[in-house]
Amino acid sequence: MRTSIEYAKQIFEVLSFSIDQACAEQDWLIVQRDAFAFGFTQSDESMSSAYSQRFNLEIEPDIRLSLNYSSRDPSSPFLKVPAISRFELTLLAHGNEVGRYQNGFDEPISVQDKTFWQELSFA
């Protein structure tokens, strides 16, 4: 039988993989799904400048996992840049940080041309 810390480390490894998969597919919901499967609780920590979610799981009073996801769009009306999505996963045991994993991705820019030029077709 696994100890609580071994179980927490296994969850940490699975979520690290999920984060990498989410970054490759540019879909943060992959990590959300897996966090819920392990019983994490979710809280919304969004602000006007960023969408932010925190997930927590307490294995024992002294063994906890915390996952943070944030996405912010640094664009302005005259500057189109990709939104920035970041993940940070931490494992704390007995007051010490046992593991930390970070990864992220830049979301593609979706700009729709609303000028009359898009209506012209020479086909």
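The crossing of helices α1 and α2 is right-handed. The contact is made by Leu15, Ser18, Ile19, Gln21, Ala22 and Glu25 on the α1 side, and by Ile30, Val31, Asp34 and Ala35 on the α2 side. Sorted by character, the residues of this contact fall into 6 nonpolar, 2 polar and 2 charged. Keep in mind as you look around that this is a predicted model.

How do the two helices run relative to each other? Their axes come within 8 Å and cross at roughly 155°. An angle over 145 degrees counts as roughly antiparallel, and therefore α1 and α2 are roughly antiparallel to each other.

Let us step back for a moment and look at the whole chain. The protein has 2 helices and 5 strands, and along the sequence they follow the pattern α-α-β-β-β-β-β. Of its 123 residues, 31% count as buried. If you take the contacts between residues at least 6 apart in sequence, 41% of them join residues at least 24 apart.

Now back to the helices, starting with α1, which spans residues 4-25. A good residue to find here is Ser18, which sits in helix α1. Is Ser18 buried or exposed? Its relative accessibility is 2%, so Ser18 counts as buried, the limit being under 20%. Leaving aside residues up to four places away in sequence, Ser18 touches Ile30, Val31 and Asp34. Ile30, Val31 and Asp34 are also among the α2 residues that make the contact between the helices.

Val14 has its place in α1 too. With 33% relative accessibility, Val14 counts as partly exposed. You can use Val14 to compare sequence and space: Val14 and Ala35 are 21 residues apart along the chain, and their C-alpha atoms are separated by 9.5 Å.

Follow the chain onward and you reach Gln26, in the loop between α1 and α2. Most residues other than glycine have a negative phi. Gln26 has a positive phi of about 55°, although it is not a glycine. Gln26 is partly exposed, with a relative accessible area of 39%.

Next comes helix α2, made of residues 29-37. Which of its residues are buried? They are Ile30, Val31, Gln32, Asp34 and Ala35. The cover over these buried residues includes α1, but also the strands β1 (41-44), β2 (51-60), β3 (63-72) and β4. Just after α2 you meet Gly39, which takes a positive phi of about 95°.

Asp34 deserves a second look. Its relative accessibility is 14%, and so, with buried meaning under 20%, Asp34 counts as buried. Asp34 also has a charged partner beside it in the sequence: Arg33 forms a salt bridge with Asp34, and their closest N and O atoms are 3.0 Å apart. Side chains of opposite charge can pair in this way when their charged atoms come close. How many salt bridges does a search of the whole structure find? The search finds 5.

For another of these pairs, move to the strands. Arg100 forms a salt bridge with Glu88, with 2.7 Å between the closest N and O atoms. Arg100 lies in strand β5 (residues 96-106) and Glu88 in strand β4 (residues 84-93), so this pair ties together parts that are 12 residues apart in sequence. Arg100 is partly exposed, with a relative accessible area of 41%, and Glu88 is partly exposed as well, at 23%.

Arg100 has a further partner. The side chains of Glu97 and Arg100 meet in a salt bridge, with 2.6 Å from N to O. Glu97 counts as partly exposed, at 44% relative accessibility. Through the partners they share, these salt bridges join Glu88, Glu97 and Arg100 into one network.

One last stop is His94, in the loop between β4 and β5. With 53% relative accessibility, His94 counts as exposed. What is the phi of His94? Its value is near 55°, which is positive in a residue other than glycine.

Note on methods:
Residues are numbered from 1 along each chain as its sequence is written. This is a predicted model: local features need pLDDT of at least 70, side-chain atom pairs count only at pLDDT 80 or more; totals for chains, interfaces and linings use all residues. Side-chain values use heavy atoms; hydrogens and water are left out. A salt bridge is a side-chain nitrogen of Lys or Arg within 4 Å of a carboxyl oxygen of Asp or Glu. Buried means under 20% relative accessible area, exposed over 50%, partly exposed in between (1.4 Å probe, protein chains only). Helices (H or I, at least four residues) and strands (E, at least two) are DSSP runs, numbered from the N terminus. Contact means heavy atoms within 4.5 Å. Axes are lines fitted to C-alpha atoms, for helices over the stretch in contact, and angles run from 0 to 180 degrees between N-to-C directions. Angles under 35 degrees count as roughly parallel, over 145 as roughly antiparallel, 65 to 115 as roughly perpendicular and the rest as oblique. A crossing is left-handed if the near helix is turned anticlockwise from the far one by less than a right angle, and right-handed if clockwise. Ala, Val, Leu, Ile, Met, Phe, Trp, Tyr, Cys and Pro count as nonpolar, Asp, Glu, Lys and Arg as charged, and the others, Gly among them, as polar.
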